[in-house]
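Let's take a walk through a protein model together. Have the sequence and the 3D view open as you read.

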Amino acid sequence: MDDASPSGPAIGPQAIESGGGTWKFPAARPLRLDSGATLSPLEIGYKTYGVLNETKSNAVLVCHALTGDQHAASPHPITGKPGWWDRVIGPGLPLDTDRYFVIATNVVGGCMGSTGPGSTNPETGEPYGLSFPMITIADMVRAQAMLIDALGIETLFAVVGGSMGGMQVLQWAADYPEKLFSAVCIASAARHSAQNIAFHEVGRQAIMADPDWQGGAYEKAGVSPSKGLAVARMAAHITYLSEAALQRKFGRELRRDGLSWGFDADFQVESYLRHQGASFVDRFDANSYLYITRALDYFDLAASHDGILAQAFQKARGVRFMVLSFSSDWLYSTAESRDIVRALNAAGCRASFVEIETDKGHDAFFLDEPQLDATLRGFISSAAQARGLA
Amino acid sequence: MTVIREDFREILRLVRPGARVLDVGCEDGELLELLTREKRVDGQGLEISPEGVAACLAKGLAVVQGDGDRDLDHFPTRSFDYAILSKTLQQMREPRHVLSELLRIADQAIVSVPNFGHWRMRLSLMTRGRMPETRALPDPWWSTPNIHLCTLRDFTDLCEDLDLRIDACAALTNGKPARAIDPVKGLENWRSESALFLLSRRAEDRPDAVPTDLFGEVALPKAEAPARPKRRGKSKAAEQPDLL
């Protein structure tokens, strides 16, 4: 589409190959949100790996989880750590960048280049803060679809994501089935459970209870609610691990000989969580955390389809689905994945499902899990064959 | 060229091109791959072992990891043309439930069962006085996965009980070509090592019902034909002494 061109310098194929940046949509192309509000101008931070082929048929969209971003297979610009999925994306890896053009975007509402609560509100010239509109998983997907469109890609060979990324995958299948060839949903759910919402509420309350949160206007005040955000991260991090993994990693191990008889971090597990919290605040924005957790809580794919999940997939019969879960994941359990598979079956979709045996909990999809890699590889390469990419 | 298992060859003959097929206990997907290649079916596997699932995925097949005993309940009614259960019915915890589920999910079921009434079984039991260990059922009683063994007569009785129609039946003996049989005949209960059944719900009005001579030789009695056992113990076949 003509009006999809960026407001900045025109981004041709050369720019795409060069690995991404920030796509700036003109003000005339706002993002229409589920809440009824619009977001304009819209910016999408994205990264690409590999080369888009002549027919533009080898594009894979990778969707990130709650605190992830577009730096899926390249070092993170703030932490310098390797990309969150560089085990999976790269030459010769399951998402083989010698064969596929992998696109990763930062979700709308995020803090790594896409328009979010930390962006400047054009009406006030100040950071949005709480004046940022509420966003949903469908809004994130709509923004991604705008970018894919702008890149001139009609059909994605695959859309792949874990956790919140998996929800985006399901939303893609519901909203843009004609633009998908295959879809991989890992360790995810078609809706947030009461327990999921409860944990998020703890995190949000921790942020909002931090006096430095300043009603969301902390940037203007020159402060940051790092304590609250760190606590939110600590609570959430527990949900990403299984009890067995925590026990195996830390047990009751102490940091030094004997107890301190105080409230220092005596136990290794305490020290680990404190570290997780402290390092998180360097790379993540507290308001983004509020908005994105809310988007997750609001997610209920069946609700927007007369309460019947299968109806969400009614038009996705041409899409090849792969659903994966981890046996020790209690955040988004195997039962949730099975519900998705049943709905896909009921809708007459072509679906595969595997539960991977692991004690690593929800986070297993980031970790060295050979069966995950093998399953992904098998599914993707056979889909590639069917797509004529072999 | 790989050798096609004899029961697979028969299933291949039975399945309509382009049909929607569910293979329960599809293992490494060999049958589904064959059906996809030869009959262009829209196939779906159900397999419990992670190795089997991985093998299916590598073949590009759609496969759901699950248990035939538990997970059939979640497939929608009449979502397939055929549900295939080859050689695992006797390993199910509730074969009766599984069989009726297969015919809820699909219009027709293709089921194969080893025949415990085969003469080798009977002879072995009679002479050795121990649970038979044969070519078809090689495991000792304490480690066999086959927990619900039956004879052909038992199986046709169950079909009767569930009001299922036997559209076709073939006897399979290791390595030999399949032989169309009337499974109700007492002699077949002696000489068939295992049998493959094509079943459908009898109560249904099915204008598109497949002809009953799918195996080319024996025209099976129609559903209402007098030769069919109407109820256990009352039919002509059941009145015949099984010992011949």
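What follows goes from the domains of one chain to its helices, its core, one loop residue and finally the partner chain.

First, some housekeeping. This is a predicted model, where local features need pLDDT of at least 70 and side-chain atom pairs count only at pLDDT 80 or more, while totals for chains, interfaces and linings use all residues. Residues are numbered from 1 along each chain as its sequence is written, and chains are lettered from A and ligands numbered from 1 in the order in which they are written.

**Two domains**

Chain A splits into domain 1 (2-192 + 300-387) and domain 2 (195-295), with bounds that come from an automatic or database domain assignment. Their centres, taken over C-alpha atoms, are 26 Å apart. Where they meet, domain 1 of chain A puts in 30 residues and domain 2 of chain A puts in 24; being in contact takes C-beta atoms, placed from the backbone, within 7 Å. On the domain 1 side, β10 (126-127) and α2 of chain A each supply at least two residues. Helices (H or I, at least four residues) and strands (E, at least two) are DSSP runs, numbered from the N terminus.

Here is how the residue classes fall on two contact surfaces. Ala, Val, Leu, Ile, Met, Phe, Trp, Tyr, Cys and Pro count as nonpolar, Asp, Glu, Lys and Arg as charged, and the others, Gly among them, as polar.

| Surface | Nonpolar | Polar | Charged |
|---|---|---|---|
| Domain 1 of chain A, side touching domain 2 of chain A | 14 residues | 12 residues | 4 residues |
| Chain A, side touching chain B | 8 residues | 8 residues | 4 residues |

**A pair of helices**

How do α2(A) and α3(A) pack? Their axes (lines fitted to C-alpha atoms over the stretch in contact, with angles from 0 to 180 degrees between N-to-C directions) are 9 Å apart and cross at about 70°. That makes α2(A) roughly perpendicular to α3(A), a label that covers 65 to 115 degrees. From α2(A), the residues A:I137, A:A138, A:M140 and A:V141 meet A:M167, A:Q168, A:Q171, A:W172 and A:D175 of α3(A).

**The core**

Now look inside. The largest nonpolar core has 179 residues, and those touching the most other members are A:V60, A:L156, A:A158, A:A183 and B:A83. Such a core is a set of buried Ala, Val, Leu, Ile, Met, Phe, Trp, Tyr and Cys residues joined through C-beta atoms within 7 Å. Helix α2 (residues 137-150) of chain A gives the most to this core, 8 residues. Both domains of chain A contribute residues, so the core lies between them. Beyond its neighbours within four places in sequence, A:A158 has contacts that include A:V60, A:F181, A:A183 and A:I380.

**A loop residue**

A:D266 sits in the loop between α7 (243-249) and α8 (268-280) of chain A. Is A:D266 buried or exposed? A:D266 is partly exposed, because 18 other C-beta atoms lie within 10 Å; 20 or more would make a residue buried, and 12 or fewer exposed. Not counting residues up to four places away in sequence, A:D266 touches A:L254, A:R255, A:L259 and A:S260.

**The partner chain**

Chain A uses 20 residues to contact 15 residues of chain B. The largest share of the chain A side, 8 residues, comes from α12(A). Chain B has 8 helices and 8 strands, and 43% of its 244 residues are buried.

Definitions and conventions: Contact = placed C-beta atoms within 7 Å. Parallel < 35°, antiparallel > 145°, perpendicular 65-115°, else oblique.
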